[in-house]
Amino acid sequence: MSRTLDLNIKHLTRVEGHGNIVVNIKDGRLERCELEIVEAPRFFEAMLKGRSFHETAIITSRICGICSLGHQIASLKATEEALGLEVSEQTVLLRKLLIDGATLQSNILHIYFLAAPDFFGTTDAFKLIPTNKDVVLRALRMKRLANDIGDIVSGRAVHPITPVPGGFTKLPDESELRAIRRRLVEEGLPDVEATVDTIASVLNSVPGFTRETEYISLSHPDEYALYDGDIFSSDTGAADVNNYREMTNEFVVPHSTSKHCKHARESYMVGALARWNNNHARLSESALRVAQRLNLEPRCYNPYMNTVAQVVECYHCIEDSIAIIDSLLERGIRNEKPNQTPTRFGRGIGATEVPRGILYHEYEYDRRGNIVSANCIIPTGQNLANIDHDMKKLVPEIIDQPKEIIAKQLEMLVRAYDPCISCSVHILNVEFIGG
Amino acid sequence: MKSDQIKPNKPKIAFFDFTSCEGCQLNKLNLENELPDILRHVELVEFREAMDDKADYYDIAFIEGSLSTPSCINRIHDIRRRSNILVALGACATIGGINSMKNLQPIETVRETVYGEEKYRFPTLPAIPVSAVVKVDYEIRGCPMSIPEFLRVLKALLMGKAPNLPDSAVCVECKLRENECLYDRGIVCLGPVTVGGCEAICPSFGQFCTGCRGLVPNPNKDAMLDILTQHGLSLEDAQKRFLLFNSYNIESKSIT
Ligand code: SF4
Ligand code: SF4
Ligand code: SF4
Ligand SMILES: [Fe+2]
């Protein structure tokens, strides 16, 4: 079919940050098909240079409000490694609890407010209030619960206050933990069950497109890796976090203020679907049953199903939060001060899973504990090449459809990745001269 | 705000983001308990992060982020022209915030550091607050902006009143909460020179104040200097910390 079609979706809505989808088809030939990233860059490298290790995470948190907890955790891990700061078991447990809370809140925001309007055939979640009030109220209740975990443990869910290198400036009360545990059981579990039902009922709105790709995430032998682990590629297996540059290979493309990445093939995917594909065996029986109810196959190559994998993770995060609180309460909260006495000054890498995928921070510090060089590789940047390749496969498959349907399916595809464009351009990892 | 009736002419509200981390916008979606109630009283006409719609006129426009590219400058003029009341949200929009730290280095160096050879590919300017370019009616400070303050301001504006915004220092609120002063632990805290209204949230959680709400109108320089010297800390320590969020503010170069 010799169709000519020009699509230019400017400032795509219901994503974090600014991006355009551009498609040009001439006489049936796909000439251009890409996600342009047009967000203003923010020059974090220039800001970090010379700052004290007490301030690094405060600054990098502001790369992205949506992913602020993840940036803090990756940042703290990198700083602690560079300065030789050990952290306690209690600190690790509390950080894992924070990650569960942040993943839950981010996934809920994406599932209900950014992706669901497409499934329900509306333009925004607020329009669902008259017809599906209980769904909207449930979404808000789940987000509140997730944010309350952040507020209690870290002082504030957006740009957390208490997590610092070596530990926490203030610890939560046991009574607060008990209260939030009760809500996780009494509201969280029934609400996530209802979420599964809601999404199961709209699964026929999820396009049936597939494209197998390389999936990269953290992986850990004992748990569904979110806080820590080795880097794992579905193509090449496990690699040490120290090899993160070989696993990401950033390159500049003309249509994006954010760099692209690739590893074993032309592109790879990170995020909930990649974690699911690589690590589903570490999920509990009941989380796996949830996946089954949502038709999520153990190896799923449909990028639109990323949103569904996020639902399974919501279930996991609630279950895991309850378990973490139980072990914290069993041990009793100890009044520990953060360990902030460096034992060396050098380089450190921190890798952690944030809702949109694997995030890397690397710093080098001088002998006064000030930053010499910094490098951050953000999940959305890693997904951009994969999104372009998905679009290039998808467009020819739906080329006979009306223009609006093509546009809508492309928008839904980009949204399914839950791109955080804010994040991806807010740091471009070039090293300082001498770094 | 308890009536269930839908008013025929609800005020049109819009949110816009400029160079920012989108944390302030996200904070509004974090008003989970209040959102349904708010939505009964206003018509949300533009909020790119959460909806598809666009509009031509706004009763109240909320602006997040600093201005840092030529297109930001054009866009803010356009929004101002179409807005009755314009409110700046968060440190980026009110004082330049963390973005303005890049202003401390020559713009050529900043470009080269990030883009190398390609330094002129993307136009960039020093990061400036909204009030440096257009008239701002009200400012809600903080990084992120404080949620209770946002609600207070919104309610006042919807009732046609001028909102009350604080101008005393963070220390005042901190002392009311009977926190242990961080200076006693040898830590530089910017509470004495920073505008309050956040209920001293950071020192209350054991962390120093980073100055995210900006400099108080008449900072007591001598008192600040006294505190610093008493605790064996230098002016440079405090000034360097102050630049985290306040690099735009020229006064910041002489807080003490
Ligand atoms: S003020 Fe802070 S939270 Fe708000 S947009 Fe700026 S960096 Fe983000
Ligand atoms: S901790 Fe900071 S805000 Fe609180 S009293 Fe001391 S200097 Fe002031
Ligand atoms: S205590 Fe200081 S840094 Fe913290 S929110 Fe208040 S003004 Fe901002
Ligand atoms: Fe982000």
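Reader: Which residues come nearest to ligand 1, and what makes a residue count as near?
Author: Of the 13 residues around ligand 1, the nearest are B:Cys21, B:Cys24, B:Ala91, B:Cys92 and B:Cys143. A residue is near a molecule or strand if one of its heavy atoms lies within 4 Å of it. Please keep in mind that this is a predicted model, in which local features need pLDDT of at least 70 and side-chain atom pairs count only at pLDDT 80 or more, while totals for chains, interfaces and linings use all residues; side-chain values use heavy atoms, leaving out hydrogens and water. As for names, residues are numbered from 1 along each chain as its sequence is written, and chains are lettered from A and ligands numbered from 1 in the order in which they are written.

Reader: Where does ligand 1 lie, and which helix gives the most to its shell?
Author: Ligand 1 lies between chains A and B. Helix H1 (23–29) and helix H4 (90–95) of chain B each supply at least two residues of its shell, and H4(B) gives the most, with three residues. The names follow DSSP runs, numbered from the N terminus: helices are H or I runs of at least four residues, strands are E runs of at least two.

Reader: How many residues of the shell around ligand 1 are called nonpolar, polar and charged, and what makes them so?
Author: Six are nonpolar, five polar and two charged. Ala, Val, Leu, Ile, Met, Phe, Trp, Tyr, Cys and Pro count as nonpolar, Asp, Glu, Lys and Arg as charged, and the others, Gly among them, as polar; the cysteines are therefore on the nonpolar side.

Reader: How does the shell around ligand 2 divide?
Author: Into nine nonpolar, one polar and no charged residues. Among those surrounding ligand 2 are B:Cys171, B:Cys174, B:Tyr183 and B:Gly191. By the classes above, Gly is polar, so B:Gly191 falls in the polar class. Helix H7 (residues 170–176) of chain B has the largest share, three residues.

Reader: Why is the site of ligand 3 called shared?
Author: Because residues from chains A and B surround ligand 3, the site belongs to both chains. The residues around ligand 3 include A:Arg156, B:Cys198, B:Cys202, B:Cys209 and B:Cys212. Helix H8 (residues 201–204) of chain B gives the most to this shell, with three residues.

Reader: How do you know that ligand 3 sits in a pocket, and which one is it?
Author: It is the largest pocket. A molecule sits in a cavity or pocket if more than half of its atoms lie within 2 Å of its grid points, so ligand 3 meets that condition. The search uses a 1 Å grid over the protein atoms alone: a cavity is a set of points where a 1.4 Å probe fits but cannot get out, a pocket is an open set with protein on both sides within 12 Å along at least five of seven lines, and lining residues have an atom within 4 Å of a point.

Reader: What makes E1 and E3 of chain A edge strands?
Author: Three strands of chain A form an open antiparallel sheet in the order E1-E2-E3. Strand E1 (5–9) and strand E3 (29–37) each pair on one side only. Two strands pair if DSSP finds at least two bridges between them; eight bridges join strand E2 (residues 19–26) of chain A to E3(A), so this pair qualifies. One bridge partner of the pair is A:Glu34 in E3(A), set against A:Val22.

Reader: How does helix H12 of chain A pack on the sheet?
Author: Helix H12 (residues 403–416) touches E1, E2 and E3 of chain A, and its direction makes about 40° with that of E1(A). Contact means heavy atoms within 4.5 Å. Axes are lines fitted to C-alpha atoms, for helices over the stretch in contact, and angles run from 0 to 180 degrees between N-to-C directions.

Reader: What makes the peptide bond from B:Cys143 to B:Pro144 stand out?
Author: That bond is cis, with omega near 0°. Most residues other than glycine have a negative phi, and most peptide bonds are trans. A:His159, which is not a glycine, has a positive phi of about 55°.
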